[in-house]
Every structure is written in structure tokens, then in C-alpha cells.
Amino acid sequence: MKLNEALELIRQPDSKAMDESRKRWDSIAKPLRSLGRMEEAVIKIAGIAGDSQVVLDKKAHVVMCGDNGVVEEGVSQSGSEVTAIVAENFLQVKSCVSIMCRMQGVDLFPVDVGMCSETRIIPRKIAYGTKNMAKEPAMTRQQAVDAIEVGIDMVRELKEKGYNLIGTGEMGIGNTTTSSAVTSALLGVDVESVTGKGAGLSSSALNKKIQVIKNAIELHRPDPLDPVDVLAKVGGFDIAGLMGVFIGGAAFRVPVVIDGFISSVSALLASRLDSRITGYMLASHVSQEPASVMLLEELGLNPLLVCDMRLGEGTGAVASFPILDIALEIYNKMSTFEQIELDAYEELE
């Protein structure tokens with residue numbers, strides 16, 4: 001599906017279903033709103049699905065994989081060859097998130113949206129990695145749109161197969177560099193405030209990473225009012241693919257769970273195309289990367305978990321799935337005040 005076609009499908013979440021869900025929570029025999037964000041998440045999912053009878057019985061986790069040309073500048077501890085190794089590990093249940101998915105019965109969909117090498121994961125390659133943004137734009141505008149559409153189509157396919165919850169993850173050496181560049185450009189904040197050590201840089205390497213990002217932004221001058229321009233000039237194919245997943249979630253009315261820093265960057269890019277897309281997102285956790293809190297605040301979303309995670313792959317997103325399952329179990333099975341013949345709690349001023 002084309003990007004403009006997906007954007008035309010987006011509507012506000014169903015307020016009636018959300019009201020019905022909220023009333024169901026308030027009728028359950030417990031103190032009002034005492035499950036906090038767990039209740040809020042179920043209410044939001046009801047609005048997304050358009051039905052207060054919330055079901056999350058078929059979960060998918062999409063991991064967008066792509067390589068970044070800026071790795072040539074020494075901004076990462078590892079080389080691009082690691083992207084392919086980890087991508088193959090997804091299929092062999094040897095990566096962190098694949099083990100988590102297997103444990104929970106979540107179906108894992110790793111997608112090659114722009115890796116430098118060939119692997120056995122889902123082939124949707126736009127190019128063999130991005131260009132080095134330190135020297136030229138990371139990709140053309142058309143490549144950016146094509147990568148976004150890969151994500152949109154993944155959601156369409158998953159919705160057709162009956163999936164009703166989608167997690168987001170990524171794999172791409174150098175993608176904290178691209179994510180910091182996109183964050184700085186979109187929010188208009190100093191590069192230093194949104195750039196961390198990624199997978200474990202030394203202090204001197206961090207300083208180099210910051211300077212590379214500054215130089216790339218100065219060279220390309222991405223337009224903060226045009227998210228596709230920002231993506232094309234200083235982003236990555238993995239970010240673009242996840243941006244499409246968030247757009248697809250809103251277009252096809254499927255809740256999509258944000259992971260950490262890179263996933264949050266993709267979510268913000270999507271929301272800058274249409275603010276209603278945020279109504280279809282759930283925040284899983286707060287990453288240790290410096291910009292994570294800033295991005296969630298910009299999106300207006302509250303995370304379910306704070307675990308000081310920064311692994312990537314969508315591990316935080318998948319870690320939040322049991323919390324949603326617990327919330328739904330209570331929502332569907334706990335007695336109401338009426339059933340146990342007690343006066344309901346009232347909201348007092």
C-alpha cells in the first residue's frame with residue numbers, strides 16, 4: 001500500500017468503545033483506577049479495535065533490520081557484519097528477543113529492509129545499506145517512502161492473518177547514531193542532549209559520534225517540518241520500516257507497541273505525519289538512552305515499565321506483553337460490585 005493511501009485511512013480511535021471499556025473497569029470490584037496504566041492500556045486498545053470486548057490472542061513482533069553507512073565513521077563499537085549475524089540468530093532462537101517471543105508464544109517477523117548482506121529473514125530490501133550521512137544523504141526521498149511502505153504492508157499482512165497486537169524492534173549497527181540525528185533535527189535540541197554511548201562506546205568515541213551527527217545535520221539541513229526529509233537525510237532503513245509499522249497500525253486499527261529509543265524515534269516521525277497515529281501506540285518502557293524520556297514526553301505517552309533496558313531488538317516491547325495479558329485477564333474475569341452485591345466506589349471530588 002502506498003503511503004498516501006495509508007494516511008487517508010486513518011481515523012480517530014473509537015471513543016464509544018473507550019467509554020464502555022472505562023465503565024467496565026469502574027464496575028470491577030476494586031478501588032477506582034487502581035491498576036493505573038494497565039487500565040489505560042486496555043481502554044486505549046478498545047478504542048483502537050472499536051470494541052470494548054478486548055482480545056489479544058495473536059501477537060506479532062516485527063524487527064526491521066538495516067545497515068547504516070555512517071558506521072564508516074567509527075561511531076559504533078561493532079561493524080555492519082554484526083547486523084547479519086544477529087538477524088540469523090532471530091531465526092535460530094539465539095537472540096534475546098527471539099527467546100522472549102518463543103517463551104510467550106509471540107510470532108517473530110524479522111525483516112531485511114536494507115541490510116548489506118543476504119540472510120534468510122524476510123526479504124524486503126530497499127538497498128544494501130544506507131549511504132554515509134557524514135558525506136551524503138542517507139537515502140533518497142523515494143527510498144525513504146519505499147521503506148516506510150514496507151512497514152505499512154507488514155501490518156496489512158499481519159492484520160489479514162488475524163494478529164491483534166504488534167511489537168516493534170530493530171537491528172542495525174549504527175542506528176543509535178541515526179536515531180540521535182533524527183531526534184535532534186525533529187526536536188531542535190542539541191545533539192549532546194540526545195546522544196549516548198549506544199552499545200558501549202568510550203568517552204572519546206562518544207565525542208566523535210556527536211561531532212559526526214552535528215556535521216551531518218549541518219551538511220544536509222533536514223527540514224523539521226518534513227519528517228520524510230529528516231528520515232531521508234539522516235535516518236536509516238530500519239527507522240523507516242518501523243515508521244511504516246506505526247502508520248500501518250493506525251491505518252488498519254491494530255495497536256502497536258513502541259520499544260525503546262530507535263522505535264520511539266520512528267513513532268515520532270510517524271506522528272509528525274499525522275498526530276492521530278499516536279492514538280494507536282502503546283509505550284512499553286523507558287530506555288537508558290538519553291533521549292528516551294524526551295521522546296515519550298513529546299509523544300504524550302506513559303510507559304508500562306522502567307527496567308533500565310537498552311538492548312534493542314524490541315525486547316522492551318515484548319517484555320510488556322505479559323503486563324497487557326494480566327490486565328486483560330483481570331478486565332475479563334474479575335467480579336463486579338454488582339455480582340458480589342457491594343456498593344460501587346464513587347469518584348469523590
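## Lining of the largest pocket

The residues lining the largest pocket fall into 11 nonpolar, 14 polar and seven charged. The model is predicted, and the values below are computed from it. The volume of the largest pocket is about 530 Å³. Its lining comprises 32 residues, and those nearest the centre of the pocket are Asn175, Thr176, Ala199, Arg310 and Leu311.

Four elements give two or more residues to this lining: helix H4 (81-91), strand E4 (165-171), helix H7 (175-187) and helix H11 (261-273). The most comes from H7, which gives three residues to the lining of the largest pocket.

## Second largest pocket

The second largest pocket holds about 200 Å³ of space. Its lining is made of 13 residues, with Glu40, Ala41, Lys44, Leu282 and Asn302 nearest the centre. Divided by class, the lining of the second largest pocket has eight nonpolar, two polar and three charged residues.

Two elements, helix H3 (36-49) and strand E6 (281-283), each supply at least two residues of the lining of the second largest pocket. H3 provides the largest share of that lining, with five residues.

## Glu313

In the UniProt record, an unreviewed entry, the annotation "active site" covers Glu313. Glu313 is placed in the loop between helix H12 (292-299) and helix H13 (315-333). Is Glu313 buried or exposed? Its relative accessible area is 9%, so Glu313 counts as buried, the cut-off being under 20%.

Leaving aside neighbours within four places in sequence, Glu313 is in contact with His61, Val63, Val86, Phe90, Ser95, Cys96, Val97, Gly169, Glu170 and Asp259. For one of these, Cys96, the backbone nitrogen lies 3.5 Å from a polar atom of the Glu313 side chain.

## Ser284

Ser284 sits in the loop between E6 and H12. With a relative accessible area of 0%, Ser284 is buried. Which residues does Ser284 touch, not counting those up to four places away in sequence? They are Val257, Ile258, Asp259, Pro303, Leu304, Leu305, Gly316, Ala317 and Ser320.

Asp259 appears in the contacts of Glu313 and also in those of Ser284. The side chain of Ser284 reaches the backbone nitrogen of Ala317 at 3.4 Å.

## Asn132

Asn132 belongs to the loop between strand E3 (122-123) and helix H6 (141-160). Its relative accessibility is 4%, so Asn132 counts as buried. Outside its neighbours within four places in sequence, Asn132 is in contact with Gly69, Val70, Glu72 and Glu73.

Which side chain forms a polar contact of 2.6 Å with the side chain of Asn132? The partner is Glu73. The side chain of Asn132 also reaches the backbone nitrogen of Ala134, at 2.9 Å. By C-alpha atoms, Asn132 and Asp57 are separated by 42 Å, and the two residues are 75 residues apart along the chain.

Key. Residues numbered from 1 in each chain as written. Predicted model: local features only at pLDDT ≥ 70, side-chain atom pairs only at ≥ 80, totals over all residues. Heavy atoms only, no water. UniProt positions renumbered as here; feature names shortened; annotations may be inferred. Buried < 20%, exposed > 50% of the residue type's maximum accessible area, 1.4 Å probe, protein only. Contact = heavy atoms within 4.5 Å. Polar contact = N/O pair within 3.5 Å; in protein donor to acceptor, adjacent residues only side chain to side chain. 1 Å grid on protein atoms, 1.4 Å probe; cavity = no way out; pocket = protein on both sides within 12 Å on 5 of 7 lines; lining within 4 Å. Points joined across faces, edges and corners; volume = space filled by probe spheres on them. Nonpolar A, V, L, I, M, F, W, Y, C, P; charged D, E, K, R; others polar.
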